[in-house]
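This report goes through selected local features of a single protein chain and ends with its overall figures. The sequence and the model come first.

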Amino acid sequence: MTVLLSSGRARRVALPVAFCVGLAAVLTACGEDPDEGTNGVGKLSATEIERKAQTAANAAGAVRLAGTLVTQGETYKLNMRLKANGGTGTVTSKNSTFQLLRIEDALFLKADAGFWNHADDEGGDGDGGKESAKPSASDAEAADKLQDKYVKVPEDDPSYEQLSGFTDMKVLLAGILTLHGKLNKGDRDRIGGVKTIKINGGEGDGGTLDVSLEGAPYPLQLVRAGGAGTLSLADWGRDFELTAPAKGETVDYGSRLPATSD
């Protein structure tokens, strides 16, 4: 049996039906709520997100930091594990790769013979066009003894502050986790499979920081402005052991260390 509606009643039924259809279309167009199932920081302002990320980082007991860092005209490739009382890992500079280990104030450096045998291999002209000195037999012998051994860096050595800075979690994070300029929120992304929200610094000099939308709002990636490097941050709060090298693995350098940027 067919039921016929009056024209007025048909219009009254059609209006809510049309509204429901239109609402469904809007919801479909908008897609899922991007903050559903997240830690909620994506709803905050860029300044608040930065503050949350800094607080989470400062409260973490440890972190792994890897990538490139350009500072004072020098480019370094880092792969470091850091925590409050020290750190360990590898640093590669222009002409050398070396390992660092710091436990409290005790800083150890391990490098190959090329690092210790640090003569100017380019036959340079930095001394009025004179040919640079080549390593002597005694220099080469010393380098052979030092290679692949841990050398304890004296605290009064000029290199101590620079080298220990690579192992200092507090110093490194303070230097990289503050964006410059007026902050704004960027796109959502994934870093290592983890949902993130980007916050961007001022145009041209601010950098971009990806903050986790899952669990604690840890910073997961920093792209520094002006090509000053890209760093990933992982293993937040994952503790690791720092063990001093055995006596047979250490040797005394006996004088000032070579500059790491040579």
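## Asn 200 and the β7–β8 pair

In this predicted model, Asn 184 stands opposite Asn 200 of strand β8. Strand β8 covers residues 194–200, and Asn 200 belongs to it. The partner strand β7 (residues 184–191) pairs with β8 in the antiparallel sense, over 6 bridges. The two strands form a hairpin with 2 residues between them, and Gly 192 in this hairpin has a positive phi near 60°.

The side chain of Asn 200 makes a polar contact of 3.0 Å with the side chain of Thr 208. Apart from neighbours within four places in sequence, Asn 200 is in contact with Leu 179, Lys 182, Leu 183, Asn 184, Lys 185, Gly 186, Gly 207 and Thr 208. Asn 184 and Thr 208 thus appear in this contact list, the former as the residue opposite Asn 200 and the latter as its polar partner.

## Aromatic pairs

The count of aromatic pairs comes to 3. One of them joins Phe 108 and Tyr 150: the ring centres are 6.5 Å apart and the planes are at 85°, so the pair is edge-to-face, given that planes over 60 degrees apart fall in that class. Phe 108 is in strand β5 (residues 106–111) and Tyr 150 in strand β6 (residues 150–152), so that the pair links distant parts of the chain, 42 residues apart. Both rings belong to buried residues: Phe 108 has a relative accessibility of 10%, and Tyr 150 has 15%.

Tyr 218 and Trp 236 form another aromatic pair, which is stacked, with 5.1 Å from centre to centre and 5° between the planes. Tyr 218 lies in the loop between β9 (208–212) and β10 (219–223), whereas Trp 236 lies in the loop between β11 and β12; the pair therefore ties together parts that are 18 residues apart in sequence. Are these two residues buried or partly exposed? Tyr 218, with a relative accessible area of 21%, is partly exposed, because buried means under 20%. Trp 236, with 11%, is buried.

## A charge over a ring

Phe 240 has a charged group over its ring. The group is the charged end of Lys 83, which sits 5.1 Å from the ring centre.

## Positive phi outside glycine

Which residues other than glycine have a positive phi? Gln 72 is one, with phi near 50°. Its place is in the loop between β1 (62–71) and β2 (74–83). The relative accessibility of Gln 72 is 80%, and the residue therefore counts as exposed.

Asp 235 is another, with a positive phi of about 55°. Asp 235 lies in the loop between β11 (230–234) and β12 (250–251), the loop that also holds Trp 236 of the stacked pair. At 23% relative accessibility, Asp 235 counts as partly exposed.

## The chain as a whole

The secondary structure of the protein chain consists of 6 helices and 12 strands. Of its 262 residues, 35% are buried. The chain exposes about 15300 Å², and carbon and sulfur atoms supply 50% of this area.

Among contacts with a separation of 6 or more, 54% are between residues 24 or more positions apart.

Note on methods:
Residues are numbered from 1 along each chain as its sequence is written. This is a predicted model: local features need pLDDT of at least 70, side-chain atom pairs count only at pLDDT 80 or more; totals for chains, interfaces and linings use all residues. Side-chain values use heavy atoms; hydrogens and water are left out. Helices (H or I, at least four residues) and strands (E, at least two) are DSSP runs, numbered from the N terminus. Buried means under 20% relative accessible area, exposed over 50%, partly exposed in between (1.4 Å probe, protein chains only). Contact means heavy atoms within 4.5 Å. Accessible areas come from the Shrake-Rupley method with a 1.4 Å probe; for residues, only the protein chains shown count as cover. Rings of Phe, Tyr and Trp (its six-membered ring) pair if their centres lie within 6.5 Å; planes under 30 degrees apart count as stacked, over 60 as edge-to-face and the rest as tilted. A charge sits over a ring if NZ of Lys or CZ of Arg is within 6 Å of the ring centre and within 35 degrees of the ring normal. A polar contact is a pair of N or O atoms within 3.5 Å; within protein, one must be able to donate a hydrogen and the other to accept it, and residues adjacent in sequence count only if both atoms are side-chain atoms. Two strands pair if DSSP finds at least two bridges between them.
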